[in-house]
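Colleague: Before we go through this model together, could you take my questions one at a time and show how each answer is reached?

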Amino acid sequence: MSGRDLFCQPRRFGRGAALTLVFASVLVAGAATGSLPGPDRKSPAGAARSTAPTDRHEEVARAAAEAMATGESPTEAAERAVSRSGDRWGAVYSQGEYEEFEEALDGEYTGVGLWARRERDGQVEVTKVRAGSPAADAGIRAGDRLRSVDGEKVDGRPVTEVVSLLRGDAKDATAGTAVTVGLERGTRAWDLTLRRARLSTDSVTVRKLAGGITVIRISSFTKGSGDEVRTAAQQAPAGAGVVLDLRGNSGGLVTEAVTAASAFLDGGLVATYDVDGEQRALHAEPGGETTRPLVALVDGGTMSAAELLTGALQDRGRAVVVGTRTFGKGSVQMPSRLPDGSVAELTVGHYRTPSGRAVDGRGITPDLEADQEVLERAETVLSGLGES
């Protein structure tokens, strides 16, 4: 994911005392793109929840508390403690970041409808504008340069800060509140005042190809996306193939990935995972479509919950996987609240595909390697599956 919509990728666990297990997915991208880390949550029905942090969580919390007692930054102290732990996926997030991520996981966010990235020279460029959004209605276009937000210059700032300014996090801004943006297009420079709005993430999109093939693209697993996948599969023409496009899918709610798997499986195992050595399992619901030809498209940006889904469909012989090797993010994180309200996530286990394959650090190898004309290859595969 080279650019970002101007809301943060899901990273928050739900409110309350219980700690929710998390599959964290970190978007690996350079500062030039301004991409953010963003974990996956998992809290499937019937899954046990931990009410006590691990020893490493306690160490991080202790470092944060000691820093707070001496007037230092608890978040920075926690970050140092996580770094010392050697946990590749361990991280510390501010309370505000987690709040934004929970909104995004719910499939909605408050914003103006812009995707943007930070270029190598530090300038922030609009990469996409959501149709029907305040930004689109105001005439903002992809390629426009974002100069300022409410009078604050954004050149050189991380996209995370630009996100915060546009959303009005410091003011707890809601839908309907105003934000003024400074823009440039060529030699023209101007200011616009936009009204923030509640927008949906549109994580699932559906389109039809020749021959009745249905392409279901899942950009992330947000609340309700699993049911959208199931509905799209049920509405596909009888006997026609389906392409499940998971390229660039950085993860999301694992429960939604399991629901998506249920659309194509008649119950059975989707994945196993361990938490501090205790083995647990995720199962599909019975009644899915098991005969329709199915191809899953993946690439190096297919991560975490999307890899979990891919591995299940591949191991159980339900889909032909086409593309390039997936990212390889298959570890389980547990979040815990720190004294200043920030959240630390540390790795407590890993998940495996139904056949027992480990994903973390390895990824999933496609059945058919293809890095160009991938959709065309998928159509060819589907035509062969339809004839068999």
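Colleague: At what angle do helix H1 and helix H2 pack?

Modeller: This is a predicted model, and what follows should be read in that light. Two packed helices are described by the angle between their axes and the distance between the axes. For helix H1, residues 55-69, and helix H2, residues 74-85, the axes are 8 Å apart, and the crossing is right-handed. The angle at which H1 and H2 pack is about 145°.

Colleague: Which residues make that contact, and how many of them are nonpolar, polar and charged?

Modeller: On the side of H1 the contact is made by Val60, Ala63, Ala64, Ala67 and Met68, while H2 brings Pro74, Ala77, Ala78, Ala81 and Val82. Sorted by class, the contact of H1 with H2 has ten nonpolar, no polar and no charged residues.

Colleague: Is helix H8 largely enclosed by the rest of the structure or largely open, and why?

Modeller: The buried residues of H8 include Ala305 and Ala306 at its start, and Glu307, Thr310 and Gln314 are also among them. Because ten of the eleven residues in the stretch 305-315 are buried, helix H8 is largely enclosed by the rest of the structure.

Colleague: What are the phi values of serine 304 and glycine 317, on either side of that helix?

Modeller: Serine 304 lies in the loop between E18 and H8, and it counts as buried because its relative accessible area is 0%, under the 20% cut-off. Most residues other than glycine have a negative phi, and most peptide bonds are trans. Serine 304 is not a glycine, yet its phi is positive, at about 50°; just after H8, glycine 317 takes a positive phi of about 70°.

Colleague: Is aspartate 150 buried, partly exposed or exposed?

Modeller: Aspartate 150 is placed in the loop between strand E8 (145-149) and strand E9 (152-153), and its phi is near 50°, a positive value in a residue other than glycine. Its relative accessible area is 32%, and because this falls between the limits of 20% and 50%, aspartate 150 is partly exposed.

Colleague: How far apart are the C-alpha atoms of leucine 146 and valine 126?

Modeller: Leucine 146 has its place in strand E8, and at 0% relative accessibility it counts as buried. Leaving aside neighbours within four places in sequence, leucine 146 is in contact with Val124, Val154, Asp155, Val162, Leu166, Val181, Gly182 and Leu183. Leucine 146 and valine 126 are 20 residues apart along the chain, and their C-alpha atoms are separated by 6.8 Å.

Colleague: Which residue of helix H9 does leucine 297 contact?

Modeller: Leucine 297 is found in strand E18, residues 294-298, and counts as buried at 0% relative accessibility. Beyond its neighbours within four places in sequence, its contacts include Val243, Leu244, Asp245, Leu246, Arg247 and Val322, and Ala378 is also one of them. Since helix H9 covers residues 374-387, the contacts Val374 and Leu375 belong there as well, so the residues asked for are Val374, Leu375 and Ala378.

Colleague: How far is alanine 378 from valine 295, C-alpha to C-alpha?

Modeller: Alanine 378 is buried, with a relative accessible area of 0%, and, leaving aside neighbours within four places in sequence, it is in contact with Val243, Val295 and Leu297. Alanine 378 and valine 295 are 83 residues apart in sequence, and their C-alpha to C-alpha distance is 6.3 Å.

Colleague: Which ring does the charged end of arginine 188 sit over, and which ring face does lysine 329 lie over?

Modeller: For arginine 188 the distance from the charged end to the ring centre is 3.9 Å, and the ring is that of tryptophan 190. For lysine 329 the distance to the ring centre is 4.9 Å, and the face is that of tryptophan 89.

Colleague: What share of the contacts with a separation of 6 or more comes from residues 24 or more positions apart?

Modeller: The protein chain holds nine helices and 22 strands, and buried residues make up 53% of its 388 residues. Among the contacts in the chain with a separation of 6 or more, the share of residues 24 or more positions apart is 69%.

Terms used:
Residues numbered from 1 in each chain as written. Predicted model: local features only at pLDDT ≥ 70, side-chain atom pairs only at ≥ 80, totals over all residues. Heavy atoms only, no water. Lys NZ or Arg CZ within 6 Å of the ring centre and 35° of its normal. Buried < 20%, exposed > 50% of the residue type's maximum accessible area, 1.4 Å probe, protein only. Helix = DSSP H or I, 4+ residues; strand = E, 2+ residues; numbered from the N terminus. Axes fitted to C-alpha atoms, helices over the stretch in contact; angles between N-to-C directions. Left-handed = near helix turned anticlockwise from the far one by under 90°. Contact = heavy atoms within 4.5 Å. Nonpolar A, V, L, I, M, F, W, Y, C, P; charged D, E, K, R; others polar.
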